[in-house]
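Colleague: Please take one part of this model and go through it closely. A first-year student should be able to follow each step on the screen.

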Protein chains: 2
Amino acid sequence: MAKDKKMVESITARDVDFAQWYTDVVKKAELTGYTSVKGCMVFKPAGYALWENIRNELDRRFKETGVQNVYLPMLIPESLLDKEKEHVEGFAPEVAWVTQGGLEKLPERMCVRPTSETLFCDLYSKDIQSYRDLPKVYNQWCSVLRWEKTTRPFLRSREFLWQEGHTAHATAEEAEARTVQMLNLYADFAEDFLAIPVLRGQKTDKEKFAGAVSTYTIEALMHDGKALQSGTSHNFGDGFAKAFGIQYTDKDNKLKYVYQTSWGMTTRMIGAIIMVHGDDDGLVLPPKVAPTQVVVIPIRQNAEGILDKAGEIADTLKKAGLRVKLDDSDRSPGWKFADQEMRGFPLRIEIGPKDMEKGQCVLVRRDTREKTVVKIEDAASASAQMLDTIQHDMFERAKKFRDEHIYEADTYEEFVDTANNKPGFIFAPWCGDVECENKIKEDLAVTSRCIPFGDSRIPKDGARCVCCGKPAKKMVYWGKAY
Amino acid sequence: MAKDKKMVESITARDVDFAQWYTDVVKKAELTGYTSVKGCMVFKPAGYALWENIRNELDRRFKETGVQNVYLPMLIPESLLDKEKEHVEGFAPEVAWVTQGGLEKLPERMCVRPTSETLFCDLYSKDIQSYRDLPKVYNQWCSVLRWEKTTRPFLRSREFLWQEGHTAHATAEEAEARTVQMLNLYADFAEDFLAIPVLRGQKTDKEKFAGAVSTYTIEALMHDGKALQSGTSHNFGDGFAKAFGIQYTDKDNKLKYVYQTSWGMTTRMIGAIIMVHGDDDGLVLPPKVAPTQVVVIPIRQNAEGILDKAGEIADTLKKAGLRVKLDDSDRSPGWKFADQEMRGFPLRIEIGPKDMEKGQCVLVRRDTREKTVVKIEDAASASAQMLDTIQHDMFERAKKFRDEHIYEADTYEEFVDTANNKPGFIFAPWCGDVECENKIKEDLAVTSRCIPFGDSRIPKDGARCVCCGKPAKKMVYWGKAY
């Protein structure tokens with residue numbers, strides 16, 4: 001068994017070096033690969049299959065709310081990017097420029113899209129004339145390019161995959177409602193499907209999207225106590241509409257500007273899955289998103305009837321709608337166990353000669369290693385039930401961990417002590433001034449993650465800004481972030 | 001009714017100006033839109049939904065044959081593109097170059113991928129060491145960029161969407177088998193799912209892919225008699241493997257080069273659907289690919305109970321698994337009929353007060369306009385059956401048209417006469433010399449489309465090249481092409 005585990009023994013322990021652990025898991029589980037393209041990554045089959053499952057489920061949820069998919073060009077002419085001032089200032093420093101097409105120098109350079117607000121605005125300015133044309137609730141699945149200097153697989157790379165929703169509405173209220181609706185959709189998706197608990201709230205002005213009136217966010221806590229911004233939804237008001245001249249004739253025959261939103265979720269979420277659920281033996285995938293949910297592993301597979309029986313069990317599970325693999329390779333059982341654990345498949349079924357004699361097989365959970373013996377004829381129903389339990393338990397475990405890592409601070413001394421010694425979120429009052437955000441970032445590399453929704457955003461009577469001591473206006477979740 | 005039809009009356013008739021008819025249909029059915037990005041197109045919801053259905057079905061068929069999806073970077077460093085001589089010569093003149101990233105000029109320029117052979121080779125050279133690592137059967141869904149001078153929606157645009165499969169095998173035989181397997185998969189998909197009959201065959205050396213040993217193709221006939229290359233599958237032999245150093249240690253412990261293939265299908269297929277099936281009233285969509293298969297249209301929808309009953313029918317059809325819309329807008333029935341016809345939804349169901357009295361509704365086929373009265377309780381089963389019939393009939397009709405437009409020619413006089421006067425394929429013997437292909441292209445703008453598989457590729461005894469009169473080596477389908 002010691003030799004069998006060699007392949008996973010080379011994963012660095014989480015508590016020794018979290019960053020190295022992450023790199024090891026990504027590589028050993030074959031999620032990504034390297035090419036000769038600096039700063040870009042390859043999604044290998046195991047990594048891309050996670051994205052396909054995320055995409056399919058998100059897309060289904062989008063469509064239930066009336067979203068329609070479209071596809072716009074990957075190139076943006078410079079003059080188009082320049083139309084909205086804050087937006088271009090936010091993105092121009094990090095775009096890649098195409099200057100030559102075929103054998104000719106382009107009359108105007110174009111950037112590879114870092115995001116597509118400007119293209120959607122261009123389209124909407126042509127397609128929206130009347131109130132009958134509203135709302136437009138479009139989304140696109142694509143890749144975008146941002147010229148990052150330091151990169152890490154899934155978390156930060158020059159090219160990443162995402163969806164970007166872009167909507168246009170007749171009223172400010174409708175735009176605000178859509179912004180919140182999509183933020184909540186992201187939150188529910190993260191919690192239900194990825195088993196990742198999130199804080200929902202609003203970004204401060206300093207942290208909001210370039211060109212937005214307000215930005216809402218979901219923030220997740222990774223195992224190392226750092227926050228990961230996991231999905232954002234922006235309300236643009238009529239700023240872009242004015243810059244791009246997107247007007248419609250209303251029922252009262254008056255010409256009005258539309259109100260817009262945008263919202264996105266990216267392949268970062270794969271990084272979140274790894275860092276929330278993984279352990280020292282590798283990936284631990286929530287059953288709903290796992291491309292392979294169950295691996296059937298025969299013990300002494302050369303013994304008579306074992307391989308056939310293992311195959312039968314796998315087929316029965318497939319027929320029951322589970323995503324199943326039979327590992328009939330010529331490796332040893334121990335190697336296969338370690339391999340399944342490293343790849344994070346949520347459940348394995350072991351069946352050997354002694355089990356077969358007794359008409360039973362053994363279910364082993366990836367998350368807890370708990371073993372359960374079940375009758376062979378109950379394998380499918382027991383597996384389905386256990387996958388539900390695993391999904392549920394993984395969320396509860398992550399939520400307990402997250403809740404245990406939220407600290408309160410009333411004074412800067414407390415704040416500094418927590419930031420330096422207790423990884424996690426710090427929930428603390430804030431005066432509303434960007435100067436305090438800047439000081440906290442400079443002193444501690446801590447940023448405001450979000451102002452929560454609802455009553456918890458309101459400071460207690462007499463509460464003072466944790467940084468400057470002036471009266472507090474808002475409660476803020478602070479943290480170090482990816 | 002005349003006024004109701006106004007919107008479709010502005011579609012140019014096919015026989016008056018086929019190119020204008022195409023442009024009109026694409027625009028009126030809202031498949032595409034324009035942006036300020038020259039040579040690129042916008043896929044609007046109706047256009048993108050067709051691509052989603054194509055993608056999902058192709059992807060399902062791919063995975064049944066063991067294909068795994070991956071995603072590689074969109075940028076290719078120039079030195080990587082340069083590694084395979086024929087390949088770079090084929091693509092360098094039509095790529096777009098990124099020369100600046102962020103605020104800095106790049107040390108080496110990179111092109112936006114026109115196709116990804118070089119990136120896959122780069123990956124395979126790192127990931128393939130042993131016979132245990134073979135075969136690799138990878139595919140990616142993405143967009144590519146080729147700097148075309150003249151563009152047409154779906155048929156030729158600077159950016160288009162596609163899938164590109166790239167495989168690596170231990171032997172030449174296995175690579176050849178995969179090349180043929182994927183070509184047949186494309187052919188079956190085109191015929192079964194898109195109701196488009198295709199010729200299957202091999203490209204001549206002149207027409208094959210840059211860097212390939214052999215290229216197989218499916219060729220479809222459009223309504224104007226021009227051919228559309230609809231999917232290609234390439235056998236690369238070990239040429240790329242040698243250029244990129246992709247070697248593996250075989251069971252006999254010897255170092256060997258892999259054999260590779262690639263194969264692709266694109267958003268062109270949407271153009272094929274339009275040009276094979278469309279008519280003077282607009283699109284006609286085969287039921288299997290149609291995003292909306294049935295539209296329920298209430299007649300006198302303000303009459304009591306009509307709208308409810310129409311809604312009930314729509315719900316019943318949805319529950320039966322059909323893709324259904326209820327058109328309850330405030331337009332007139334005539335307008336709605338014309339709208340449904342223009343958008344090509346395969347079937348409509350009409351229900352008015354008189355029908356309701358009789359407990360019936362009227363099914364109207366888009367392809368033939370045939371009306372069938374059915375009991376309301378049979379609406380779902382009758383619709384499902386009729387959609388099957390439409391799918392079947394559309395294929396048969398297209399096949400009959402295609403077969404009636406294949407002409408044979410034994411002499412150059414016959415060949416010239418057919419090329420000038422009879423739109424369609426010309427099946428004629430060829431000596432195998434590129435000079436004859438060049439002459440035919442110069443004289444008539446006709447190109448070799450494919451050499452068919454099987455016995456029909458062998459010329460009759462004594463047959464002579466239709467161009468030069470030398471003994472014929474192969475039978476070739478010739479045609480004018482998009």
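**Strand 6 of chain A and its partners**

Modeller: Strand 4 (residues 75–77) of chain A is joined by three bridges to strand 6 (residues 104–112) of chain A, and the two run antiparallel. The model is a predicted one. To find this pairing, start at A:Pro77, which has A:Met110 of strand 6 opposite it. Strand 6 of chain A also pairs with strand 5 (residues 96–101) of chain A, again in the antiparallel sense, and here there are four bridges. A:Gln100 is a useful place to look, since its bridge partner in strand 6 is A:Lys105. Strands 5 and 6 of chain A form a hairpin with two residues between the strands. In that hairpin A:Gly102 takes a positive phi near 60 degrees.

A positive phi also turns up in chain B, at B:Ala445, just after helix 15 of chain B, where the value is about 60 degrees. That helix, residues 434–444, is worth following for contrast. Its buried residues are B:Cys436, B:Glu437, B:Ile440 and B:Leu444. Looking down the axis of helix 15 of chain B, these buried residues fall within an arc of 105 degrees, so they line one face of the helix. An α-helix has 3.6 residues a turn, so residues three or four places apart point the same way. B:Glu435 and B:Glu442, on the other side of helix 15, are exposed. The cover over the buried residues of helix 15 includes helix 14 (412–421) and strand 21 (425–430) of chain B. Strand 22 (447–452) and strand 23 (474–479) of chain B are also among the elements that cover them.

Methods. Residues are numbered from 1 along each chain as its sequence is written. Chains are lettered from A and ligands numbered from 1 in the order in which they are written. This is a predicted model: local features need pLDDT of at least 70, side-chain atom pairs count only at pLDDT 80 or more; totals for chains, interfaces and linings use all residues. Side-chain values use heavy atoms; hydrogens and water are left out. Two strands pair if DSSP finds at least two bridges between them. Buried means under 20% relative accessible area, exposed over 50%, partly exposed in between (1.4 Å probe, protein chains only). The arc is that of the directions from the helix axis to the C-beta atoms. Contact means heavy atoms within 4.5 Å.
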